[in-house]
Amino acid sequence: NSATSGVGKTSDGAILVSNAMSLILLSNCKASDLAGQTIIIGSTGKIDASGSGKNGAAEWNGSTYHFSSIGTDEYPFEGSLTVNGELFIDTALFGTVTSDAKIQLDKITWTGKTGGVMIAGHYELKDTESHTFSGVLSATSNEDKIQDDAVMGCLFGTIDGSAGTLNIAGTMAGYTSPSAKIESAGNVGFVCGTLGAGCTVMLDGYVPPLSGEVKSTDGGNAGGLVGELGAGAKLSVNLAKNSDGQNPVIDGMTVTSSGNDAVGEHTGNAGGLAGYAGDGAVIDITSDVDFTLSGSVVTGKRSAGGVAGAAYNVNLLRGGSAGKVIVSGGTMKATDANTGLVGGAFGEYILEGSENAEFPERLEFPERLEVAKSAEAKVTVIGCAAKGNPGQADGIGSADTDVQLGGLIGSLELDNSYLSISGKTVYVESGNGCERSYGGLVGHVVSSSLSNSLVIKDCSVTSAYAKFAYYHGGVVGEIGQTGDAAAAV
């Protein structure tokens, strides 16, 4: 009833939303009724549909309604939505939206107090084409006022579907709130929790938050940018300098994944950029702007790393630009006292070559990756939550566990592959000495054949350890397949 609800229609059938009440009521209609509609929100003013806004609730037929994200997995939004003027929200604009939808956003002002998903819980790519999501999203209103206590969250929950590309304009992630936070079960990250297999996300002019908290509470992976990249997924980041013209620095970010063995083996991984990166995934900085992760606290149940918790044949920082990823200090920790894998860069790094693989069998450790290059920026790697292991003296490592710690890599697995680590300066310390293997660069090299090679040259390692690892090496802690007497590499 447009006379009382404020929802109207144009002559060609488009739905007109003129105020907060009409938007709230419309968002609570059946997803099946809204899926293919053309919706026009606002004109040139502002609509505050956030729960904390003075018009954040709508009374209708004796019931109270609040804004509800548009679209569901069963009935995703595939129509047309235009936001004119400024829209205030504290709940994701979309539940599920597909690349068939036509979205035009003027200005979205986030007022949420606890982070969360801001744009869409689920974005589905319906084809292999390139699609663009643009507009302005920030915690600063058009009056240049930062919303009181606003805590920005992540852009998307899951991006998947066909092997297409989603281009996200940098203005869609203007992290202007003092902090950012995303906490959820499953995979979590500030760009998205899950980037599906074969899908590509390109961030154009991205400025990350200054600090933040990323936490997977149950059965997921946590990363500063992406929780989990599926096989062949690609994250391409065209970084921009921040508002004062400096290279972006995320200072003191906490990334945590509790994991859940019942969900699957690839959970419980945490990393500064990605929690888990699947077979052949790509992560690259495509600008000449350096990206620094300073003083991060990264905690995973299974693995933790300054860049990624677990990485499988990952193509990292191999584009033509000069932008670096710099891990400047921080603490990396695994909480599983039996299987924790921890490294300044990667908790677990698996390289598997074959004659037909696109991934190169001969690989240089990324030149554009710097980890703990000075004493002031040293990394601390911790193998389990408590000192010592069950049945062991305090601070004495055990050969009965698979806890592996390294200044760069906790556990390195080579299969028909060659890895060269050169020109790296690393300052690292072990936090408690409860591990099986600890190495200044690599904790444990796992290999089943002498055809595999690890070449280390021109590196400087300054290593300090708390007490005693069962196997301790200044460069590599242990070489050989766990449980086998022969060292094959």
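How many bridges join strand β21 to β26? Select residues 234–239, which make up strand β21, and you will find 4 bridges that join this strand to β26, the two running parallel. Strands here are DSSP runs of E with at least two residues, helices are runs of H or I with at least four residues, and both are numbered from the N terminus. Two strands are said to pair if DSSP finds at least two bridges between them.

Before going on, keep in mind that this is a predicted model, in which local features need pLDDT of at least 70 and side-chain atom pairs count only at pLDDT 80 or more, while totals for chains, interfaces and linings use all residues. Residues are numbered from 1 along each chain as its sequence is written, and side-chain values use heavy atoms, with hydrogens and water left out.

**Strand β26 and Asp-284**

Within the pairing of β21 and β26, pick Val-237, whose bridge partner in β26 is Ile-285. Next turn to strand β30 (residues 315–316), which 2 bridges join to β26 in a parallel run, and there Asn-315 stands opposite Val-282.

Now colour β26 by its faces. In a regular strand the side chains alternate between the two faces of the sheet. In β26 both faces are covered, with Val-282 and Asp-284 buried on one side and Ile-283 and Ile-285 buried on the other. Buried means under 20% relative accessible area, exposed means over 50%, and partly exposed lies in between (1.4 Å probe, protein chains only).

Select Asp-284 alone: this residue counts as buried because its relative accessibility is 9%. Its side chain is joined to that of Arg-368 by a polar contact of 3.3 Å. A polar contact is a pair of N or O atoms within 3.5 Å; within protein, one must be able to donate a hydrogen and the other to accept it, and residues adjacent in sequence count only if both atoms are side-chain atoms. If you leave aside neighbours within four places in sequence, the residues in contact with Asp-284 (heavy atoms within 4.5 Å) include Leu-235, Val-237, Leu-317 and Arg-368.

**An open sheet**

Show β19, β24, β28, β32, β37, β41 and β45 in that order, and you will have the 7 strands of an open sheet with parallel pairing. At its edges are β19 (222–223) and β45 (471–473), each of which pairs on one side only. Inside this sheet, zoom in on β24 (residues 269–271) and β28 (residues 303–305), which pair in the parallel sense over 3 bridges, and there Ala-270 has Ala-304 in β28 as its bridge partner.

**Strands β10, β13 and β16**

Move on to β10, which 6 bridges join to strand β13 (residues 154–161) in a parallel run, and look for Leu-125, which stands opposite Gly-161 in β13. From there, β13 leads to strand β16 (residues 192–195), with which β13 pairs in the parallel sense over 3 bridges, and Ile-159 stands opposite Leu-195 in β16.

**Asn-19**

Finally, select Asn-19, in the loop between β2 (15–17) and α2 (20–27). With a relative accessible area of 31%, Asn-19 is partly exposed, and its side chain reaches the backbone nitrogen of Met-21 at 3.3 Å. Not counting residues up to four places away in sequence, Asn-19 touches Ser-5 and Ile-47. Lys-46 is 27 residues from Asn-19 in sequence, and the two are 8.3 Å apart in space, C-alpha to C-alpha.
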